[in-house]
Amino acid sequence: MEPFDSFLVWIADFLGEHLYEGIFLAALLETIVPPIPTLAVFPTAGFLASQQGISVIGLIPMIILGAIGATLGTSAIYLIALKLGRVVLIRYLRYVRVSEKKLERVEIWFEKYGDKAVFLGRMVPVMREMISIPAGLLKMRIPKFVAYTFAGSCVWSTGTILSGYYFGEAVGLGTNVISSLP
């Protein structure tokens, strides 16, 4: 089994036993350790919730926990960028393969769209992890950063968790139809 495949199996097993905690941890860790993709974890959690018989209303805590986890993790990156500054940050970003050129593109995008870049950036893969850096470097106000991050993370969590949930519902319906055939 490939390492990534075994990692996904481990995530699915963990989520099966710790659904709500898993959502929070995945969102928190994704912003700090990018190889943990919420784009894989959140739909899986939604699917597992549908298979466990959790109602759509029961997804609300999952969505909020995902948004809180992402906001906390992203805020840590924001504060690091705010405190360290551009010169020091560029030295460390090269270890995670973020060049100065990539950082400049994100900064230009941030300056073009202003504060809305944080809200929109929370819904774009890869940008989700990166948007905190220019926000910190360009000294976006902390309350505004947290509000936009939380709102954007709620939208992301809702969309990805619901996609997995409704896929699970569809699989359940299909299985019922097939098992009822003679």
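Me: Which residues does G152 touch, not counting residues up to four places away in sequence?
Reply: This is a predicted model: local features need pLDDT of at least 70, side-chain atom pairs count only at pLDDT 80 or more, and totals for chains, interfaces and linings use all residues. G152 lies in helix α10; helices (H or I, at least four residues) and strands (E, at least two) are DSSP runs, numbered from the N terminus. With contact meaning heavy atoms within 4.5 Å, G152 touches F119, R122 and M123.

Me: How many Å separate the C-alpha atoms of G152 and F119?
Reply: Residues are numbered from 1 along each chain as its sequence is written, and side-chain values use heavy atoms, leaving out hydrogens and water. F119 is among the residues that G152 touches. The two are 33 residues apart in sequence, yet their C-alpha atoms are separated by 4.6 Å.

Me: Is G152 buried or exposed?
Reply: Buried means under 20% relative accessible area, exposed over 50%, and partly exposed in between (1.4 Å probe, protein chains only). The relative accessibility of G152 is 0%. G152 therefore counts as buried.

Me: Which residues does S157 touch, not counting residues up to four places away in sequence?
Reply: S157 also belongs to α10. Its relative accessible area is 1%, so S157 is buried. Its contacts are F42, I63, G66, A67 and L162.

Me: What is the C-alpha separation of Y165 and Q51?
Reply: Y165 is in helix α10 and is buried, at 5% relative accessibility. Beyond residues up to four places away in sequence, Y165 touches G46, F47, A49, S50, I54, S55, V56 and L59. Q51 is 114 residues from Y165 along the chain, but the C-alpha separation is 8.3 Å.

Me: Which residues of α3 are buried?
Reply: Helix α3 covers residues 38-51, 14 residues in total. It reaches 19 Å from first C-alpha to last, close to the expected 20 Å. Just after it, G53 has a positive phi of about 80°. The buried residues of α3 are T38, V41, F42, P43, A45, G46, L48, A49 and S50.

Me: How far apart are the end C-alpha atoms of α4?
Reply: α4 has 26 residues, 59-84. The expected span is 1.5 Å times one less than the number of residues, so α4 should span 38 Å. G85 follows, with a positive phi near 85°. The model agrees with the expected span: the ends of α4 are apart by 38 Å.

Me: Which residue pairs with K144 in a salt bridge?
Reply: Side chains of opposite charge can pair when their charged atoms come close. A salt bridge here is a side-chain nitrogen of Lys or Arg within 4 Å of a carboxyl oxygen of Asp or Glu, and the whole structure holds 1. K144, in α10 (residues 142-179), has its partner 29 residues away in the loop between α6 (100-113) and α7 (116-121). At 2.7 Å, N to O, that partner is D115.

Me: What is the relative accessible area of D115?
Reply: K144 is partly exposed, at 28%. D115 is partly exposed too, because its relative accessible area is 24%.

Me: What is the phi of K139?
Reply: K139 sits in the loop between α9 (132-137) and α10. Its relative accessible area is 58%, so K139 is exposed. Its phi is positive although it is not a glycine, with a value near 60°.

Me: What share of residues 145-167 is helix?
Reply: UniProt, in an unreviewed entry, lists this stretch as "transmembrane region"; such annotations may be inferred rather than shown by experiment. In the model its end C-alpha atoms are 33 Å apart. Strand makes up 0% of the stretch and helix 100%.

Me: Which helix has the highest mean confidence?
Reply: pLDDT is the predictor's confidence in each residue, from 0 to 100; the protein averages 82, and 88% of residues score at least 70. Confidence is lowest in α1 (residues 3-17), at a mean of 72, and highest, at 92, in α4.

Me: How many contacts does the stretch 174-181 have beyond near neighbours in sequence?
Reply: The pLDDT of residues 174-181 is below 50. Where pLDDT is low, the predicted coordinates should not be read in detail. Beyond near neighbours in sequence, the contacts of this stretch number 0.

Me: What percentage of the protein's residues is buried?
Reply: The fold has 10 helices and 0 strands. Among contacts with a separation of 6 or more, residues 24 or more positions apart account for 76%. Of the 182 residues, the buried share is 40%.
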